[in-house]
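Trainee: I would like to learn how to read a model like this one, feature by feature. Could we start with the strands and then turn to the metals and the cavities?

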Amino acid sequence: MSAVIAGHDEHHGHGPEKGILRWIVTTNHKDIGTLYLVTALAMFFVGGAMALVIRAELFEPGLQFVEPQFFNSMVTMHALVMVFGAVMPAFVGLANWMIPVMIGAPDMALPRMNNMSFWMLVAGLLLISSTLFMEGGAPAAGWTFYPPLVLQTGNALPFAVFAVHLLGISSIMGAINIIATIFNMRAPAMTLMKMPLFVWTWMITAFLLIAIMPVFAGAVTMLLTDRFFDTSFFDAAGGGDPVLYQHIFWFFGHPEVYVMILPTFGVASTIIPVFARKPLFGYTSMVFATATIAFLSFIVWSHHMFTVGMPISGELYFMYATMLIAIPTGVKVFNWTATMWKGAMTFETPMLFAIAFVVLFTMGGFTGLMMAIAPTDFQYHDTYFIVAHFHYTLVPASIFILMAATYFWLPKWTGHMYDEKLGKLHFWLSAVSVNILFFPQHFLGLAGMPRRIPDYAVQFADWNMISSIGAFIFGFSQLLFLYIVIKTIRGGTGERVTSEVWEDARKHGLEWTLPSPLPYHTFSTPPTKIPTEHLGGH
Amino acid sequence: MTRLPEKKNRSLVIKLAAIAVGMFGFGYALVPLYDVFCQVTGINGKTDTVAAANLDYEVNKDREVTVEFITSLNKMAPMEFAAETKKLRVHPGEFHTVNFYAKNKTDKTLVAQAIPSITPGPAAEFFKKTECFCFSQQTFKPRESKTMPVRFVVNPDLPDRYKTITLSYTFFDITDKPKT
Ligand code: HEM
Ligand SMILES: [Cu+2]
């Protein structure tokens, strides 16, 4: 294959280590990608189990199964586990597997740091999970950690804060690695404006992460010193202000939600052209829309705080700024639709998930716009309406695209084909149940049901029951996903997949020019010919 | 091209790490920035915590503003706390005094700090206090009760759209954590 040049990374030129040690010391981007993806899948089930505790309790009014305090812990931990344990690591996993391959690089730029950031993630996740068993219980003040409530957390508070530090450092190291890889490791023929959109969106996401994770780390550090070292950042008695926390948090928090959606956009832009058998529509506008969204995400944070008592000028500014985001977002939805327009479409499982993403994400965007209108947000704020909003933008968007990505690339990674029948079954079960689960929450919110409560008035009973039924169908359907993935890894349908896997995929990305399964080392010599279909032209 | 661009990586990593460290600092910088921003714009109901001096307003007899007084205790501070007047109609420019009553319900000495807040926030800069128990910490001997005056004036420049101003005080028990 490749010539080994002196002084070069020692792992090059031979296969993986034997046994368990392979996974602990590995610096191979594919191994690390697998570690991230497996961790994310495991945490997806942990967070899902917590969600089912929540939905079981809310199945009927009254207190059935859990104490209110534990219920609140579940709400908080579900969010933390899903955001920091499932969605973010899953995209880092995809980045590890795909970015080097997509840009014709032999590995990530900083392989050792790559390994370290993964194990730091594991440490952070273990630390935050350990709080479940502590005196006073896990954090229960919501994933937003608002003071003064969060300062009433028991022994768990410092552990949660350190966990956030670890998760933050891990994300920042991952982000630095991704930027370094994209800047310094591209094949010479892979110019910036030829990069696949997944690479573009991840690069922009990485910059977001470097800018915001430290701010979050700072905010929780202030909580820590307020609680233990007599500072008064957020304590009114000492001249502080709890609303200040909300500003700092949402300065991080709003871009954070885009950290979870921008790579989603990238994967969608990769999958849709392949199954529409057309070039991507509007490559350049996709790149600029992504950058615009990222920029705007820094100047809209107070739309989470319309009800704190801002002056009218503040409400108006944040209202209009937030609405602006709908423009680049609309450009993207338009481009995906235009890509499919008059395409020779086929509906394999990845495409089904991608189409569902376009439709259902748009619905989440619309409810976002409704809440962006400051006077109406007074009604929606902290109700189930916002719960419906962000679950539409996260579950049938980010999560669906992660599923789509798995079906799309798993044959490439393993060399085995997944069971298309089961995949479609998984899709339909998920797509139908996710709507049974979240659509009624719009009605509940409009009728006034507050979020983060274990019990509710009886007029909310019917929609809650339906929502809970949807939740259980959705949750258990994901076991089917697990089964399909394991089965594929172990040989799948037995069908041999070609290097392209999907018809004419070779035109859409470098990964499809390599053999399936992807060899342990790829692109030791950089490719010279770059596919162009993803650029929207020939 | 199997040569890894070690040098390029190092300088890029240093730059990016510097951004991360800088953003950590930026998070902290938001704290004073926020206060400055609130002071300049007068939002957030942050009202002065030192006595206003040299106020010389012309009384506007044609206009009346309702001033309401609210009291509360933080985290069950062991006190009684109430305003003797709940509501007052005042002419802008006119000085008024309202008495507040507070009592230490314990057998120990108690140090408390009252934190004022004004609603609506943008009216805060037009509400001036020349005397207030909130300007300093209050020490209560066991079971001691105090009557404490607040002297204030509403600046006649208060925009017409404000008809009611609510002044709220929260007493915080800071016996264990007295600030110097
Ligand atoms: C057109 C795009 C969007 C707009 C206009 C928008 C607008 C909003 C607004 C105004 C709120 C605050 C509502 C309230 O607290 O009353 C909100 C909350 C939220 N949004 Fe969005 N949003 C958009 C897209 C997204 C996306 C893409 C995601 C995530 C992938 C997302 C995730 C969230 C989350 C997690 C919250 C709730 C945070 C919390 O309070 O816990 N949003 N959104
Ligand atoms: Cu937001």
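Trainee: How many bridges join strand β1 of chain B to β3(B)?

Mentor: Start from the general idea. Strands of a sheet pair through backbone hydrogen bonds, either parallel or antiparallel. Now the case here, in what is a predicted model. Four bridges connect β1(B), residues 65-73, with β3(B), and the two run antiparallel. Take one pair as an anchor: Val67(B) has Leu88(B) in β3(B) as its bridge partner.

Trainee: In which sense do β1(B) and β9 of chain B pair?

Mentor: They pair in the parallel sense, over eight bridges, with β9(B) spanning residues 164-173. Here the anchor is Ile70(B), which stands opposite Ser168(B) in β9(B).

Trainee: What is the strand order of the whole sheet?

Mentor: Read it as β3-β1-β9-β5-β7 in chain B. That is an open sheet of five strands, and the pairing is mixed. β3 (87-90) and β7 (138-140) of chain B each have a single partner strand, so they stand at the edges with one side lacking a neighbour in the sheet. On average, neighbouring strands of this sheet are turned by 30 degrees against each other, direction ignored.

Trainee: And the side chains along a strand?

Mentor: Only the general rule: in a regular strand the side chains alternate between the two faces of the sheet.

Trainee: On to the metals. Which residues are the protein donors of the copper ion (ligand 2)?

Mentor: List the donor atoms, then place them in the sequence. The copper ion (ligand 2) has His254(A) through ND1, and His303(A) and His304(A) through NE2, at 1.9 to 2.0 Å. Along the chain these donors follow the spacing H-x48-H-H. Distant parts of the chain are linked: His254(A) sits in helix α7 (residues 242-276) of chain A, while His303(A), 49 residues apart from it, is in the loop between α8 (283-296) and α9 (312-324) of chain A.

Trainee: Are His254(A) and His303(A) buried or exposed?

Mentor: Compare each value with the cut-off: buried means under 20% relative accessible area. His254(A) is at 5% relative accessibility, so it counts as buried. His303(A) is at 13%, so it too counts as buried.

Trainee: What is Thr322(A) in contact with, leaving aside its neighbours within four places in sequence?

Mentor: Thr322(A) is in contact with Val300(A), His303(A) and Ala372(A). Thr322(A) belongs to helix α9 of chain A. Its relative accessibility is 11%, so it counts as buried.

Trainee: Which residue is the protein donor of the iron atom of ligand 1?

Mentor: His389(A) is the only one, through NE2 at 2.1 Å. His389(A) lies in helix α13 (residues 384-414) of chain A. Between the iron atom of ligand 1 and the copper ion (ligand 2) the distance is 4.6 Å.

Trainee: Last, the empty space. How many cavities of 30 Å³ or more are there?

Mentor: The general idea is a probe. Rolling a probe the size of a water molecule over the atoms shows where empty space is left. In this model the count is five cavities of 30 Å³ or more. The largest cavity has a volume of about 160 Å³. It is lined by 17 residues, and those closest to its centre are Met88(A), Pro89(A), Val92(A), Leu121(A) and Ser171(A).

Trainee: Which elements give two or more residues to that lining?

Mentor: They are α3 (68-102), α5 (156-184), α6 (197-228) and α7 of chain A. The largest share, six residues, comes from α3(A).

Notes
Residues are numbered from 1 along each chain as its sequence is written. Chains are lettered from A and ligands numbered from 1 in the order in which they are written. This is a predicted model: local features need pLDDT of at least 70, side-chain atom pairs count only at pLDDT 80 or more; totals for chains, interfaces and linings use all residues. Side-chain values use heavy atoms; hydrogens and water are left out. Two strands pair if DSSP finds at least two bridges between them. Axes are lines fitted to C-alpha atoms, for helices over the stretch in contact, and angles run from 0 to 180 degrees between N-to-C directions. Donors are N, O and S atoms within 2.8 Å of the metal (3.2 Å for Na, K and Ca); water is not among the atoms, so sites may look incomplete. Buried means under 20% relative accessible area, exposed over 50%, partly exposed in between (1.4 Å probe, protein chains only). Contact means heavy atoms within 4.5 Å. On a 1 Å grid over the protein atoms alone, a cavity is a set of points where a 1.4 Å probe fits but cannot get out, and a pocket is an open set with protein on both sides within 12 Å along at least five of seven lines; lining residues have an atom within 4 Å of a point. Grid points are joined across faces, edges and corners, and a volume is the space filled by probe spheres set on the points.
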